[in-house]
Amino acid sequence: MTELSIEFFPPQTTEGVVKLKAEREKLACLRPEFFSVTYGAGGSTRERTFAIVREIAAAGFEAAPHLSCIGSTRAGIRDILTGFRAEGIRRVVALRGDLPSGMADPGELRYANELVEFIRAETGNAFRIIVAAYPEWHPQARTPAADLQNFARKAKAGADAAITQYFYNADAYFHFVDKARALGVEIPVIPGIMPIVSFSKLARFSDACGADIPRWMRKQFESHGDDTDAIHALGLEVVTRLCERLLSGGAPGLHFYSMNTAAPTLEICRRLGFVDGDTSRKQRNS
Ligand code: FAD
């Protein structure tokens, strides 16, 4: 069965929080395995992330807070983990994160593998630990081979699963998974899916995080200029096809970067035949 999960970021305003709740309710028909909530650089959204996670859990869904370690102390992370356990949280997305500008001290845990090791040492099997993976390589990676070795370290440290950075080239994903398997990494690698709503924003963001937008896609989106309807239609077509290729090639699930907006994720899932929930997901993959 295909596992779906959906990511939110913690809104900055009360209106944003109200809107997010409404969007989450629309996404509930997908019966996701969990909703995850991002964590701002250097812990800047600690309280807001936790508040959204609590709200999701109170509504009866599995919630997975993201947690980054850079710039933190072990005591600080321990404190956060204790808070998660007290709320009955059972999954965490464990990341290194990036130091916010102006912050120089990397803290006590410098890489995600150290965070995974710390969570396991402190809490045993209390959490299912999910880590990040980069089919097109992390922008700071010395070489692809070094990045793969570093990915393998996270699995060895006790990660249960990985979610990838988004990408639009299915071959990059399959290549990454093959290379990871060749290193003995057996954990599921769930593709991260970014629906396309605004192409100009996506292009800027992709340059920063090292995700490639293939030329054939870029040219088509650019040809639509400011025609948002045409951009939405093309975005749905391209991303649905990507998901189909990933699933037919054996991807164990899909993680949607929803950007706190339900419609694009819902429409892609409807086209994939997932909107009726578990039954259609099972049938499709049987
Ligand atoms: P790591 O796995 O530690 O890797 C970082 C870099 O260091 C890589 O280049 C790697 O090759 C190298 N490296 C790793 N381990 C070692 C080692 N032991 N020795 C030497 N080099 C090493 N950011 C946020 O701020 N908040 C979020 O909520 C968030 N959620 C994310 C969710 C997903 C699914 C993904 C894919 C990314 C997310 N990010 C988030 C972005 C992420 O924090 C950045 O990409 C960050 O730069 C790296 O984090 P990481 O956990 O992948 O780091």
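What follows is a conversation on reading a predicted model, with its ligand, its buried residues and one of its helices taken in turn.

Visitor: Which residues come nearest to the ligand in this predicted model?

Guide: The shell around the ligand holds 23 residues, and of these Tyr39, Asp98, Tyr134, Asp147 and Lys154 come nearest. Sorted by class, the shell comprises 9 nonpolar, 9 polar and 5 charged residues.

Visitor: Which atoms of Arg96, Ala112 and Lys154 lie close enough to an oxygen atom of the ligand to be listed as polar contacts?

Guide: A polar contact is read from a pair of N or O atoms within 3.5 Å. For Arg96, a backbone N or O atom is 2.7 Å from an oxygen atom of the ligand, and for Ala112 a polar backbone atom lies 2.9 Å from a ligand oxygen. Lys154 takes part through its side chain, where an N or O atom is 2.7 Å from an oxygen atom of the ligand. Taken alone, the ligand would expose 970 Å², of which the protein buries 86%.

Visitor: Where does the ligand sit, and which elements give two or more residues to the shell around it?

Guide: The space that the ligand takes is the largest pocket. The elements giving two or more residues to its shell are helix α4 (112-123), helix α5 (144-156) and strand β6 (161-166), and α5 gives the most, with 4 residues.

Visitor: Turning to single residues, how should I read the setting of His255, and is it buried or exposed?

Guide: A residue is called buried when its relative accessible area is under 20%. His255, which is found in strand β8 (residues 253-257), has a relative accessible area of 0% and is therefore buried. Its side chain is joined to that of Ser5 by a polar contact of 2.7 Å.

Visitor: What is the case for Glu23, and which backbone atom lies close to its side chain?

Guide: Glu23 belongs to helix α1 (residues 14-27), and because its relative accessibility is 7%, it counts as buried. A polar atom of the Glu23 side chain lies 2.6 Å from the backbone nitrogen of Ala262.

Visitor: How do separation along the chain and separation in space compare for Val177 and for Ile231?

Guide: The two kinds of separation are best read side by side, with C-alpha atoms as the markers in space. Val177, in helix α6 (residues 170-182), is 12 residues from Val189 along the chain, and their C-alpha atoms are separated by 7.1 Å. Ile231, in helix α9 (residues 228-248), is 19 residues from Asp212 in sequence and 18 Å from it in space, C-alpha to C-alpha. Val177 counts as buried because its relative accessibility is 12%, and Ile231, with a relative accessible area of 8%, is buried as well.

Visitor: Why is helix α10 described as largely enclosed by the rest of the structure?

Guide: A general point about helices helps here: an α-helix has 3.6 residues a turn, so residues three or four places apart point the same way. In helix α10 (residues 262-272), 8 of the 11 residues are buried, so this helix is largely enclosed by the rest of the structure. The buried residues in α10 are Ala262, Pro264, Thr265, Leu266, Glu267, Ile268, Cys269 and Leu272. Among them is Ala262, whose backbone nitrogen lies 2.6 Å from a polar atom of the Glu23 side chain.

Visitor: Which residue follows α10, and what is the sign of its phi?

Guide: Gly273 follows α10, and its phi is positive, near 85°.

How values were computed
Residues are numbered from 1 along each chain as its sequence is written. This is a predicted model: local features need pLDDT of at least 70, side-chain atom pairs count only at pLDDT 80 or more; totals for chains, interfaces and linings use all residues. Side-chain values use heavy atoms; hydrogens and water are left out. A residue is near a molecule or strand if one of its heavy atoms lies within 4 Å of it. A polar contact is a pair of N or O atoms within 3.5 Å; within protein, one must be able to donate a hydrogen and the other to accept it, and residues adjacent in sequence count only if both atoms are side-chain atoms. Accessible areas come from the Shrake-Rupley method with a 1.4 Å probe; for residues, only the protein chains shown count as cover. On a 1 Å grid over the protein atoms alone, a cavity is a set of points where a 1.4 Å probe fits but cannot get out, and a pocket is an open set with protein on both sides within 12 Å along at least five of seven lines; lining residues have an atom within 4 Å of a point. A molecule sits in a cavity or pocket if more than half of its atoms lie within 2 Å of its grid points. Ala, Val, Leu, Ile, Met, Phe, Trp, Tyr, Cys and Pro count as nonpolar, Asp, Glu, Lys and Arg as charged, and the others, Gly among them, as polar. Buried means under 20% relative accessible area, exposed over 50%, partly exposed in between (1.4 Å probe, protein chains only).
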